[in-house]
Amino acid sequence: MTETTSSTPTATPAVSESTARRAAIAGGVGTLIEYYDFSVYAFLALTIGPLFFPSERPAVSLLLTLAVFGSAYVMRPLGGWFFGRLGDRTGRRRALVVTVVAMGVCCALLGMLPTYAQVGILAPILLVLIRLAQGFSAGGEIGGAATYIAESSPAGRRGIYGSLTPIGSTLGFAVAATVVGLVSQLTTSEQMSAWGWRIPFLVSIPLAALCLWARVKLEDTPEFEEMADQAEVVRSPLLQVVREHPISVLRVIGIAIAMNGTGYIGLTYFNIYLVDVGFPQQSVYWTSAIAIALACASFPIAGMLTDRFGRRPVLLGAYAAYLVIAWPAFAVMGATGSLVVVALVYIVYMMFNGLAQVPAFPQFTELFPRQVRYTGVALGFNIGTIIAGGSAPYIAAQLVETTGSSMAPAYWVMAVAAVGIVTVLTMRETGKSALPK
């Protein structure tokens, strides 16, 4: 499967190391806060499920709550189109400022929602509407951050600087787990259900303000400024990317399916699974936070590996590893009573997620010319995330409910990893090339 374009790789406008660091940090911190806002819902699923979807069967409340978590992803391609168009036409920075404000507002509103006991059916309706708005906002974040960082990175360093994007998105889950764990530690179960669950959502207000401060101080990327100066801005980035780069979009979708389908099992479903097999809920939150944070420490190493050896070998190694470890990981977690053993398995699982994520984001940006780069990355990534990201915890829980086997989600991990291998095999190596014009 190949694709030809009229764009030819040429030298990227010169970028200083200090500018690259500033861009990478601002992009990574913003993505962290955005993904905190988006993922804190998943860590509170067991608490808020009965509050918004009361049922005599706890599994029904959980499945409905996870379905709402997944519903937010339906809006991501629309958000990707909107913010991709904004970023490709008016600048990367402007789009990234708007996304973080919108996400912060939505997360704060979730913390103020009335429950089913207070307003009846209106409560889950409002919950769904706000989650849809969150999904729309999140649709423009990670593709924009990846584009901004790649266009602000020196040649041959897109992997190491780009590692700040998955570090930010993954640490967002760790921070969410930490905040939820801290609040649950300081409250009784009755207090947590009554009002404690609101606190992690409301924490997004100061976090969003911090990110806004960091991003408004940035300049736009040299790539975009040069494109604007040369009057290369296109009228309809979406139409152009679909018409001229459909294979690139499909490749991003395939990698996003593999990356998110494996990663979201660790980021959102593992904590639910561990509570279901008998581990204390508070201990699981802390284990998740520590394991995810420690795994993130390996992400810069993945960045250096992909800059040294290329995108393809690192991606293929990560997905092959998931084919091997998926079954043993679930088997060990279900059989052991030791949280230390669970944490070790969790860390290893998430380290492979770093090898799957870190090369992917610069790879996405290397598939599109700058006129449609933001739109192309956001479109493909968000479609892949709908298919196998937001749906992953729901599918895993449904597989367990349907089959009666707690091992069933391992087959899901193996299936999406296989999709990643097939996709990467259709691609040429782009890690050593300049970004296409």
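# Questions on a predicted model

User: Why is I205 called partly exposed in this predicted model?
Analyst: I205 has a relative accessible area of 44%. Partly exposed covers what lies between under 20%, called buried, and over 50%, called exposed, so I205 at 44% is partly exposed. I205 lies in helix 13 (residues 204-216).

User: What makes I205 eligible for a nonpolar patch on the surface?
Analyst: A patch residue needs over 30% relative accessible area, and I205 has 44%. I205 forms the patch with V101, V105, L109, M112 and L202, with about 500 Å² of accessible area together. Helix 5 (residues 92-110) gives the largest share, three residues.

User: How do you know that the length of helix 1 agrees with its number of residues?
Analyst: At 1.5 Å a residue, the 27 residues of helix 1 (residues 17-43) should span 39 Å. The end C-alpha atoms of helix 1 are 37 Å apart, so the two values agree. Helix 1 also has a kink of about 35°, centred on D37.

User: What makes helix 1 mostly covered?
Analyst: In helix 1, 20 of the 27 residues are buried.

User: How do you know that C211 is too far from C107 for a bond?
Analyst: A disulfide needs two cysteine sulfur atoms within 2.5 Å. The closest cysteine sulfur to that of C211 is in C107, 13 Å away, and therefore too far for a bond. C296 is in no disulfide either, as its nearest cysteine sulfur, that of C211, is 17 Å away. A search of the whole structure finds zero disulfides.

User: Why are C211 and C296 called buried?
Analyst: Buried means under 20% relative accessible area. C211 is at 0%, so C211 counts as buried. C296 is at 5%, so C296 counts as buried too.

Technical notes. Residues are numbered from 1 along each chain as its sequence is written. This is a predicted model: local features need pLDDT of at least 70, side-chain atom pairs count only at pLDDT 80 or more; totals for chains, interfaces and linings use all residues. Side-chain values use heavy atoms; hydrogens and water are left out. Patches are made of residues with over 30% relative accessible area and no salt bridge: like charges are joined within 9 Å, nonpolar side chains (Val, Leu, Ile, Met, Phe, Trp, Tyr) within 5 Å. Accessible areas come from the Shrake-Rupley method with a 1.4 Å probe; for residues, only the protein chains shown count as cover. A salt bridge is a side-chain nitrogen of Lys or Arg within 4 Å of a carboxyl oxygen of Asp or Glu. Helices (H or I, at least four residues) and strands (E, at least two) are DSSP runs, numbered from the N terminus. Buried means under 20% relative accessible area, exposed over 50%, partly exposed in between (1.4 Å probe, protein chains only). The expected span of a helix is 1.5 Å times one less than its number of residues. The bend at a residue is the angle between axes fitted to the seven residues ending there and the seven starting there.
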